[in-house]
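What follows is a guided reading of a protein model, moving from the contact between its chains to individual strands, helices and loops. Please keep the sequence and the coordinates at hand while reading.

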Amino acid sequence: MGKVKGKSGPLARRPDNSAFKQQRLPAWSPMLTANTVLPFFYLMALICMLLGVWLLLTVQSTQEIKLDYTEAGTCDICFEKRKNVSNAAQTCTCTVVFPIKKALKGDVFFYYGLQNFHQNLRRYMDSRDDGQMVGRKTNLKNPSSYCEPFTKNQNGLPIAPCGAVANSIFNDSFTLTYHGSSGPSIRVPLLRKGITWYTDKNVKYRNPKNDNMTLAQVFEGTAQPLYWQKPVYELDPLDPTNNGFINDDLIVWMREAAFPNFKKLYGVLYRASQPFTKGLPAGNYTINISYNFPVQYFQGRKEVVLTTLTWFGGQNHFLPVAYLVTSCLILLIAILLTVAWWKFGKNGKRMEE
Amino acid sequence: MTFWTGMDCFRKKERELERKLRANDREYNLSFKYATNAIKTSKYNPFTFLPLNLFEQFQRIANAYFLFLLVLQVIPQISSLSWFTTVVPLVLVLTVTAAKDATDDINRHRSDNQVNNRKVQVLIDRKLRSEKWMDVQVGDIIRLENNQFVTADLLLLSSSEPLNLVYIETAELDGETNLKVRQALTVTGDLGEDSEKLADFNGEVRCEPPNNRLDRFTGTLTYVGQKYPLDNEKILLRGCTLRNTEWCFGLVLFAGPETKLMQNSGKTTFKRTSIDRLMNVLVLCIFGFLAFMCTILAIGNCIWEMNEGSQFMIFLPRQDGNNAAFSAFLTFWSYVIILNTVVPISLYVSVEIIRLGNSFYIDWDRKMYFARYDTPAEARTTTLNEELGQIKYIFSDKTGTLTQNIMTFNKCSINGKSYGDVYDYTGQRLEITEHTETVDFSFNPLADPRFMFHDHALVEAVKLEDPEVHAFFRLLALCHTVMAEEKKEGELFYQAQSPDEGALVTAARNFGFVFRSRTPDSVSIVEMGEQRSYELLAILDFNNVRKRMSVIVRSPEGKLCLYCKGADTIIYERLHQSCSKLMDVTTEHLNEFAGEGLRTLALAYKNLDEEYFNQWKQRHHEASTELDNQESKLDELYEEIEKDLLLLGATAIEDKLQDGVPQTIEQLSKANIKIWVLTGDKQETAENIGYSCNLLREEMNDVFIVSGNSPEDVRQELRNARTSMKPVEDSMFLPERTLGKGVKVIADELVNGEYGLVINGHSLAYALEGSMELEFLRTACMCKAVICCRVTPLQKAQVVELVKKYKQAVTLAIGDGANDVSMIKAAHIGVGISGQEGMQAVLSSDYSFAQFRFLQRLLLVHGRWSYLRMCKFLRYFFYKNFTFTFVHFWYGFFCGFSAQTVYDEWFITLYNLVYTALPVLGMSLFDQDVNDVWSFQHPQLYIPGQLNLYFSKKAFFNCALHSCYSSMVLFFIPYAAMHNTVRDDGKDVADYQSFALLTQTCLLFAVTIQLGLEMSYWTAVNTFFVMGSLAMYFAVTFTMYSNGMFLLLPSAFPFLGTARNSLNQPNIWLTILLTSILCVLPVVTYRFLLIQLCPTINDKVMFKVRRAKATPAPPPLRTRIRRTSSRRSGYAFSHAQGYGHLVTSGRFLRRPALSASSGFANIGRTTTGFSPMGRSAGYSPTGRPQNAKVPDVEVTSLQMYRTIRDPVF
């Protein structure tokens, strides 16, 4: 491999004297010494401790109310009804009453939760056509084969939105009513828009270009998903701009959860009017549920979650506790290492050959 | 070799049993379809390149495996990953390899073209025509000129030189630089250069089929009804060069691929390193493990599908109504795809790159560059580097490897006075260095300027005409078989059979006794400026039994004198009683010389009585004409006349060691490397060198010498040696274990103290027999140093094979000559010393450099680093890939075993190629625990490599466990932190895409920090690679998740906005921090505890380095230890019988230029070429590189001995 160089003379083949070629590049050689490791461990223990305490305090300041309504209240009737597929078209509403003992202060977020619903199955997750949902006309009429078997309906019409994900959209709807200790029942106002990622709403999901056509015309020639009662362009009867692929509920659903137990945002408390300007006051509440989504097939549960948030997000105690445990662990190890170092390695006796 | 011949035979449809051809008859010869002279070493042409190359590449198991994966991915039911995750790496790997193969092949095409298009003169249609080499055919007659390469294997027909001789250099063929003689048959020689006659030549040749034996040829030539036998002496082989011959004609016998050169150029066995072998085993284990994981997941899937999946079918119907079992089957294959990263394809590419880089370091190393020959070290194989860090046994040649094969006249003792040492004014002996003042020989116009001597006293004694001193040098000038050559007046050049003789004669020359020329019966010397001619009456030649040689000369004054030189023990037995006093003094000197490792000779003379001599000569003549018992009778006669000698003194010749050999050997033995010297030398010489190069030491408890002449003796000697090393024999529990195939592995046995073993050639032959080889191996391996003397090349290889067979150890063979080739090829690693003899050893070696001392740098620095780097690389690589993969395994339990990946597909594609490739490559190319100076100071650092400590099955298992832990942290922490969390604005962050992003970011941080912990040498490049790769990750991620990419290809980049929406969340970053801490914590704890409680040698040295904070002072130069030993070196002349009879017989003839001056005429026809055995013995004092290409080839000994049938006696 002796490179032939342009040089000549007696030392023509002498290798270059560069730091790189002679492996003499200046370098930093760190080593695990007591001077670095022990202070680092104590410091890390301290940092984790502080973080843990701070996070714990933060998380403690949030409030969360969970309500499993699968068979609660009057919903057991609906639950039984949904067991039979032939009743799928029939509506069923039920009511669940629950108290809020301590007022939820600040922004209150309303979630629906599902348990044991595997949105993260590979075939389920793949069963969608992002090209269709971003408004590609070819995909609208000719959905991707990934959507099988929810590509076309019995009549051979292409389904929009296609695929198992869209097909299985969560279609319960809720109305929350506040029964104050005095005065009439007040329907709790929920903001049902602005509950998606900005990028999803504005980039990832778009309706096909509609050159002055109505949405219904645009979607003409497509069929609604098999399990849907309404076509995609009539999802939100109140707000025509919240229809089609850019419907907020659809977008929220389409962002598949990573785990079988998950909750998804349904709405945010609208704090414009009394008595909700400071949040949800204490008192009794009822939820009116239009009970459509069957869960008994997969032994699932449905729940409603009301929660307040901080900068850290919702009420998740894991991280604060984990930090506190880690901190204790590091401290323990640090002490152990200090002892080991003090007894054995302190004077470098074992370093003698 | 036989294997390749076998292959060739298979390749041919029908095996050629005999070759028949007729000169100048193309039609007849064509009927046999012999190969033409076009050679093709290239593998591909533009059309076949792609299919052939791909076919070859897919024969590699890794590539085939990935092709298989690719096929799986195309099946939609199975495909769990997009095709590009496999295709991108695979295409990259294939392209890189194909590019390398293509450039190699282009080079081969080029050299093929160059060779095929060389011109040569061919006799066609009765005329000489210039033709391309490739158009030459069997049966053609071609004309070669001086310094031309021989075109094909030729039968020599005629030549310009007298007696139809030609001279050829065979360096390219067998590595020997000396010229060889070939001679044509007289009947063809008479054809001369007459093209008419040549064109009429219609001889028919029948000969052996093509084979690879370079030294053998059988065949017959039938011409004009006569049959003539053909042998190797009449054949010119392709690859030789014609020298000193104006022209010659030859008949093509074998052409192109059928020439012996090409038949020999079959690929040598492909060497693999032990890490390679280990890796193959590990890969198999990994496959097994992969299957195991997939099975678990498939079973999980089956259960899940039965319990839950069937109920979930309302949302996700199974295709074609498959049942749970079938779904599990598909899942199995889907997981094979997902988990394929446990067998990383990029591993193989990276390993090759690392090895290549580390090979370049060897090429670039200035400290392994030898300026005198302008020779840098060269890594000729780029795949064995890390094995250099694991060498346990070194097998070394002696001559030319440990020694320079240069003899210098160093000291002498004349008449009881010792010369050669230099003393200062206080009487202290001075160490002779390069700067010591040398003696000025300008008084002698014929002196050899390269000769160096430091003691002025000897010159003074010569000038004072001390009679003993004069007699001493006269003896040296007369008693030898050296040939002198005087091209120009006063420019003498000696051709000696052995370098020792050359050194002695040169010494005499410089001290004023110049041997000038010889005829069969006279020797002319210039004695102190005065020309004298001595009549040479007899040469009593050297042989191994006599261990001495004598000459009987008559001085110009008419005095008869016998001069004798020989091994001191032999001479002493034949001395006259009168010199007993001198004997004592001289013995003391001899001991001193021997103690310094010098080769000694005793010199003696005797004045002869004319009458007695005449009578002796008469008897001698009778004896030499007698047919039976001639030799023993001659011996008796010699014995009779060589007695009652008078001692003159003794000479001491230094067999010059190469620079730094003792230090190197000391370093290597400190590194626990066992050094075996395998030499063709005699026992005494070898032993002596053993002492002078520090291999054998006075401090050793014992040095055993095995020289038995029967198997029983040898066995007994070996047993005795072992019992004295280890009195408690536990042969009942021979520590051995059986490997597969029934081959035993002998573990090392511990002995107290250091021992050496010297074994003789004939004893070795017994010791290598099947029944005794274990005995020999056990004894030898208990010794620190082993010297085998008088070893044939085959035995060298046998010894290496023996150790390879029974010891699980890495062996290295180092040598310089053609006789070392077998051992170089046999050993795990072969090293050639370049620049001394031919290129044969270098050509078959894996590494080559110019000096033995570079071996310590090759092993202790390059080898150690390479091994360290490779092991660190492998450990880390497995860690990072296992960690990466296991996370999928854990996720399987949460996603219904549906083969859903945890990460984004693009991350899977780029993880090994982009995000983690460069940092680990940087580590494996730059890492060093301590620098080279410290490596030299602590050779013990080498020992972990021999014990496979850095990477073994255990280390691999630890890696897997570590990965398992890390992957659990990396999966479950993000899981727990995320599964119930939302963003600070209440929106989703527990979705699959955010989780994927979070996990992959955690993973990347964890493996990068782990890399930082592994790396002990942070150069700017490393830092750049590490930081750059992280930056690259974020850059690529943000790009892939950007609006533009999504809108371009919505289905390929569905992660739109994930990075923006989740990486701005504090709890994401807190999770990353927590996983990083938890991943690092046990590693740091474990390592720190290890350093504190049981530090390894590396830790100790690194601790020292930190303390010293500076490079240590270079080790003090070892002064040469003087030994006062009774060990006496023998008469260390050449190995072969002397050729004194040739000198005196007059059966030699000079080159024309010289024949005139010697007054010796051509009186006959030559019969055979003379080829001396052993090494070429061109005497070269210091400094003249022997391999320097001299355009006009010098006259070598060969050409001066064209023997003539004309006996004198």
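Buried area is the accessible area, taken with a 1.4 Å probe, that two parts lose on being put together, summed over both. The model is a predicted one, and in it chain A and chain B bury about 9,600 Å² between them, with 64% of that area on carbon and sulfur atoms. Counted by residues, 106 of chain A are in contact with 111 of chain B.

The polar side of this interface can be described in two ways. Between chain A and chain B there are 35 residue pairs in polar contact, both residues having pLDDT 80 or more, and the rule for salt bridges finds two across the interface. In one salt bridge, Arg255(A) is joined with Asp991(B), and the closest N and O atoms are 2.5 Å apart.

Which elements of chain A give two or more residues to the side that touches chain B? They are the strands β1 (27-28), β5 (108-115) and β9 (262-269), together with the helices α1 (34-60), α3 (122-126), α4 (130-133), α7 (198-204) and α10 (318-345), of chain A. The largest share comes from α10(A), which provides 14 residues. Sorted by class, this side of chain A holds 60 nonpolar, 26 polar and 20 charged residues.

Strand pairing also crosses from one chain to the other. Strand β1(A) and strand β36 (residues 1018-1019) of chain B pair in the antiparallel sense over two bridges, and Ala27(A) stands opposite Thr1019(B) in β36(B). A further contact between the chains can be followed from Thr1058(B), a residue of helix α37 (residues 1058-1062) of chain B. Leaving aside residues up to four places away in sequence, Thr1058(B) touches Trp197(A) as well as Gln993(B), Ser994(B), Leu997(B), Tyr1041(B) and Leu1063(B). Because its relative accessibility is 0%, under the 20% limit, Thr1058(B) counts as buried.

Chain B itself contains 42 helices and 36 strands, and buried residues make up 61% of its 1209 residues. Among contacts in chain B between residues at least 6 apart in sequence, 75% join residues at least 24 apart.

Turning to the strands of chain B, one finds an open sheet of six strands in the order β3-β2-β4-β13-β5-β11, with antiparallel pairing. Its edge strands are β3 (127-132) and β11 (235-236) of chain B, each of which pairs on one side only. At the β11(B) edge, the partner is strand β5 (residues 153-159) of chain B, the two being antiparallel and joined over two bridges, with Leu155(B) opposite Ile235(B).

Another set of pairings is centred on strand β8 (residues 204-207) of chain B. Four bridges join β8(B) to strand β1 (residues 19-22) of chain B in the antiparallel sense, and four bridges join β8(B) to strand β9 (residues 219-223) of chain B, again antiparallel. Leu21(B) has Val205(B) as its bridge partner in β8(B), whereas Arg206(B) stands opposite Thr220(B) in β9(B). In a regular strand the side chains alternate between the two faces of the sheet. In β8(B), Val205(B) and Cys207(B) point to one face and are buried, while Glu204(B) and Arg206(B) point to the other and are not.

Among the helices of chain B, α29 (residues 905-915) is largely enclosed by the rest of the structure, because eight of its eleven residues are buried. The buried residues of α29(B) are Trp906(B), Phe907(B), Ile908(B), Thr909(B), Leu910(B), Tyr911(B), Asn912(B) and Tyr915(B). Their cover includes α5 (84-116), α12 (345-364), α28 (854-892), α30 (917-926), α34 (992-1014) and α35 (1020-1040) of chain B.

The loop between α28 and α29 of chain B holds Ala899(B), whose phi is near 60 degrees, a positive value in a residue other than glycine. Val224(B), in the loop between β9 and β10 (226-230) of chain B, likewise has a positive phi, near 50 degrees. Is each of these residues buried or exposed? Ala899(B) is buried, with a relative accessible area of 0%, whereas Val224(B) counts as exposed at 67% relative accessibility.

Finally, the backbone of chain A has cis peptide bonds to note. The bond from Glu148(A) to Pro149(A) is cis, with omega near -5 degrees, and Pro149(A) is in the loop between α5 (137-141) and α6 (164-167) of chain A. The bond from Gln274(A) to Pro275(A) is also cis, with omega near -5 degrees, and Pro275(A) is placed in the loop between β9 and β10 (279-280) of chain A.

Conventions. Residues are numbered from 1 along each chain as its sequence is written. Chains are lettered from A and ligands numbered from 1 in the order in which they are written. This is a predicted model: local features need pLDDT of at least 70, side-chain atom pairs count only at pLDDT 80 or more; totals for chains, interfaces and linings use all residues. Side-chain values use heavy atoms; hydrogens and water are left out. Contact means heavy atoms within 4.5 Å. A salt bridge is a side-chain nitrogen of Lys or Arg within 4 Å of a carboxyl oxygen of Asp or Glu. A polar contact is a pair of N or O atoms within 3.5 Å; within protein, one must be able to donate a hydrogen and the other to accept it, and residues adjacent in sequence count only if both atoms are side-chain atoms. Ala, Val, Leu, Ile, Met, Phe, Trp, Tyr, Cys and Pro count as nonpolar, Asp, Glu, Lys and Arg as charged, and the others, Gly among them, as polar. Two strands pair if DSSP finds at least two bridges between them. Buried means under 20% relative accessible area, exposed over 50%, partly exposed in between (1.4 Å probe, protein chains only).
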